[in-house]
Amino acid sequence: MQLKLWLSLCASLLLTVGQAQMNQIEFEEYQLDNGLQVILHQDKSTPIVAVSVMYHVGSKNEKPDRTGFAHFFEHLLFEGSENIERGEFDKYVTNAGGTLNANTSWDRTFYYEVLPSNQLDLGLWLESERMLHAKVEEVGIETQREVVKEERRQRVENQPYGSILEEIFGRAYQEHPYQWPVIGSMDHLNAATEEDYVSFYETFYVPNNAILSIAGDIDFDKTKKAIEKYFGGIPKGTNPIYRPEVKEPPLTAEIKDTVYDNIQLPAVIQAYRIPAQGTEDFYAVSMLGTLLSDGQSSRLYRALVDEQQKALAAGNFPISTEDPGLTLNFGIANMGVDVQELESAINAEIERVQKDLISEKEFQKLRNKVENDFITANSTVFGIAESLANYKMYFGDANLINTELDRYLKVTREDIREAARKYLNKNNRVSLHYLPKPTQP
């Protein structure tokens, strides 16, 4: 009886998983007269709604002498607006039983609220205020300058290994604006005038540079009327929107350097140039990264941490960017392990994947992991709202939420080996040794 029950439960679970994989994510999209792209997804399974706005502006859209603006505005635009008192923005959401946040990357800035569905109008009002009536004035600018400085101290300057991305990107790029960190330069923020900040806001925080993506327990007709009410009257931006068309020259030789940090254990960081997200080779590179790093059974962790015990941690992560980006190998040395010895061990694992095809069993496990990650990322209304906006912004096709997985599953074992040979070669990388700062006399 117990065996029958177990088999029945397994069959039911497999059916549920299969249906989850096959279910299409339905959505509607349209554009307001002012250029605002709108995407709507209905899910009445729970009485919540995600309201999000994605602006096509990141650190790569900044001027070289005014870096950090995109990230700074992520903070500044919670200061308030003409109709929201300073410090009150968050309270509207938390008092309604919701959550909110924002994030900035090299390519975009993303704001969202997750609210009870009967508070949809609140989310729309807040985001329309952010788009049209934000307070870009000296008192808020000064306040957020200090906030960003403290964030930099905590996340970069006083965080062990916290400067890795800054050190890597600064060496991997000489021409492209990816060379400066998303958090930017504190000197640039200090030197900027109120006019600089107002100009940035009026250029990039406009409806024709944004996507409003809403997912959850909504009625399409009522939602469309509410969107028109809150966003329809916002004027289209008239300033030219800067999109860098810089093509970074290829690396022709390995860049090696040493960074001294407030750390106790040395580390090896290797960064390889990779193609932009959405390009044919990117999917093989991404799956290669999962093979090398995802979980304790991954290639780098198993070899360096479990078997050879040369590292406390090891892995790889490809960085998805709109323009050609990077994939990073890293290892933090075990006590008493020389950094050169650790680097040699990492290189040996890269050579393995360049030389030999992965086994069919490992390949199937990899495919399962990629498929599971893709489905999990789109299992919540917030995840769906973000994915729809991402695909629309970067590729002009929100329906990739239903088809993008196919591109990963078309990758073969041979494609993965070829990606390792093509991109993970020494002449295409920056290699850093992170070492503890010498003891001061």
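**Two pockets in a predicted model**

In the largest pocket of this structure, which is a predicted model, helix H14 makes the largest share of the lining, contributing 7 residues. That pocket has a volume of about 1000 Å³, and its lining comprises 34 residues, with Gln 277, Phe 282, Ser 286, Ser 320 and Tyr 408 lying nearest the centre. If you follow the lining along the chain, the elements that give two or more residues are helix H10 (280-293), strand E9 (311-318), helix H13 (360-377), helix H14 (381-395) and helix H15 (400-409). By residue class, the lining of this largest pocket divides into 13 nonpolar, 14 polar and 7 charged residues, and at least three of its residues come from each of domain 1 (27-232) and domain 2 (255-436).

Let me turn to the second largest pocket, for which the computed volume is about 700 Å³. It is lined by 30 residues, and those closest to its centre are Arg 155, Val 156, Gly 162, Leu 165 and Glu 166. Two or more lining residues are given to this second pocket by each of helix H2 (69-76), strand E4 (99-104), helix H5 (138-157), helix H6 (164-172), strand E8 (267-274) and strand E10 (325-333). Its lining divides into 18 nonpolar, 8 polar and 4 charged residues.

Where, then, does the second largest pocket lie with respect to domain 1 and domain 2? Because domain 1 (27-232) and domain 2 (255-436) both give residues to its lining, the second largest pocket lies between them.

Definitions and conventions. Residues numbered from 1 in each chain as written. Predicted model: local features only at pLDDT ≥ 70, side-chain atom pairs only at ≥ 80, totals over all residues. Heavy atoms only, no water. 1 Å grid on protein atoms, 1.4 Å probe; cavity = no way out; pocket = protein on both sides within 12 Å on 5 of 7 lines; lining within 4 Å. Points joined across faces, edges and corners; volume = space filled by probe spheres on them. Helix = DSSP H or I, 4+ residues; strand = E, 2+ residues; numbered from the N terminus. Nonpolar A, V, L, I, M, F, W, Y, C, P; charged D, E, K, R; others polar. Domains from an automatic or database assignment.
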